[in-house]
Amino acid sequence: MKDLKDVVGLKAARSILSRRGIDISKADVRMMHGVLHIRGQIGTVRGGNAPAGDLKTEMELVARVLKQKPDIRDVVLECSYSGG
């Protein structure tokens, strides 16, 4: 059975990534014991809110924001980055 904090943290992470125009459809996003893992290919959503600068820098910023959430202890980024 999944930990409720992991479920809440994962939903918050997906919501923040979506609002920032980050495409995670080719990525594996999982949360276990309060640690969020994002692996795979990250891009920008076409016609959406594309990040203003470099995608890697944007993901590092998002990781800092996510670490401030009470249900997320740490964020591990193992991503390759591509444009929209």
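The expected span of a helix is 1.5 Å times one less than its number of residues. This rule is applied at the second stop of the tour below, which concerns a predicted model.

**Stop 1: the whole chain**

Display the complete protein as a cartoon. Two helices and three strands are present, and from the N terminus on they run in the order α-β-β-α-β. Of the 84 residues, 37% count as buried. Among the contacts with a separation of 6 or more, 59% are made by residues 24 or more positions apart.

**Stop 2: helix H1**

Select residues 4-19, which form helix H1. Because the expected rise is 1.5 Å a residue, the 16 residues of H1 should span 22 Å, and the end C-alpha atoms, 23 Å apart, agree with this.

Next, colour Asp 6, Gly 9, Leu 10, Ala 13, Ile 16 and Leu 17, the buried residues of H1. When the view is turned down the axis of H1, these residues fall within an arc of 130 degrees, so they line one face of the helix. Their packing partners are E1, E2 and H2. Rotate to the face of H1 turned away from the buried side; there the exposed residues Leu 4, Lys 11, Ser 18 and Arg 19 are found.

Before leaving this region, select Gly 21, just after H1, where phi is positive at about 75 degrees.

**Stop 3: the loop between E1 and E2**

Show strand E1 (22-32) and strand E2 (35-44), then select His 33 in the loop between them. Phi of His 33 is near 55 degrees, a positive value in a residue other than glycine. Most residues other than glycine have a negative phi. Is His 33 buried or exposed? With a relative accessible area of 60%, His 33 is exposed.

**Stop 4: helix H2**

Select residues 55-67, helix H2. H2 has 13 residues and reaches 18 Å from its first C-alpha to its last, close to the 18 Å expected at 1.5 Å a residue. The buried residues to highlight here are Leu 55, Glu 58, Met 59, Val 62, Ala 63 and Leu 66. They cover an arc of only 145 degrees around the axis, which puts them on the same side of H2. The cover over these buried residues includes helix H1 and strands E1, E2 and E3.

Within this set, centre on Glu 58. Its relative accessible area is 13%, so Glu 58 counts as buried, the cut-off being under 20%. Which side chain does Glu 58 meet in a polar contact of 2.9 Å? The partner is the side chain of Arg 20.

**Stop 5: the nonpolar core**

In soluble globular proteins, nonpolar side chains tend to be buried together. The largest nonpolar core of this model has 20 residues. Select those with the most contacts inside it: Leu 17, Ile 22, Ile 24, Leu 36, Ile 38, Ile 42 and Leu 66. The elements giving two or more residues to this core are H1, E1, E2, H2 and E3.

Keep Ile 42 in view and display its surroundings. Leaving aside neighbours within four places in sequence, its contacts include Ile 22, Asp 23, Ile 24 and Ala 27, together with Leu 55 and Met 59. Also in contact with Ile 42 are Cys 79, Ser 80, Tyr 81 and Ser 82.

**Stop 6: the salt bridges**

Side chains of opposite charge can pair when their charged atoms come close. The protein contains four salt bridges, and several can be visited in turn.

- Select Arg 39 and Glu 78, whose side chains meet in a salt bridge (2.7 Å, N to O). The pair links distant parts of the chain, with Arg 39 in strand E2 and Glu 78 in strand E3, 39 residues apart. Arg 39 is partly exposed at 33% relative accessible area, and Glu 78 is partly exposed at 44%.
- Select Asp 28 and Arg 30, which are joined by a salt bridge of 2.8 Å, N to O. Asp 28 has a relative accessibility of 29% and counts as partly exposed.
- Select Lys 67 and Asp 74, a salt bridge in which the closest N and O atoms are 3.6 Å apart. Asp 74 is partly exposed, with a relative accessible area of 33%, and Lys 67 is likewise partly exposed, at 40%.

How values were computed
Residues numbered from 1 in each chain as written. Predicted model: local features only at pLDDT ≥ 70, side-chain atom pairs only at ≥ 80, totals over all residues. Heavy atoms only, no water. Helix = DSSP H or I, 4+ residues; strand = E, 2+ residues; numbered from the N terminus. Buried < 20%, exposed > 50% of the residue type's maximum accessible area, 1.4 Å probe, protein only. Polar contact = N/O pair within 3.5 Å; in protein donor to acceptor, adjacent residues only side chain to side chain. Arc of directions from axis to C-beta. Contact = heavy atoms within 4.5 Å. Core = buried A, V, L, I, M, F, W, Y, C linked by side-chain atoms within 4.5 Å.
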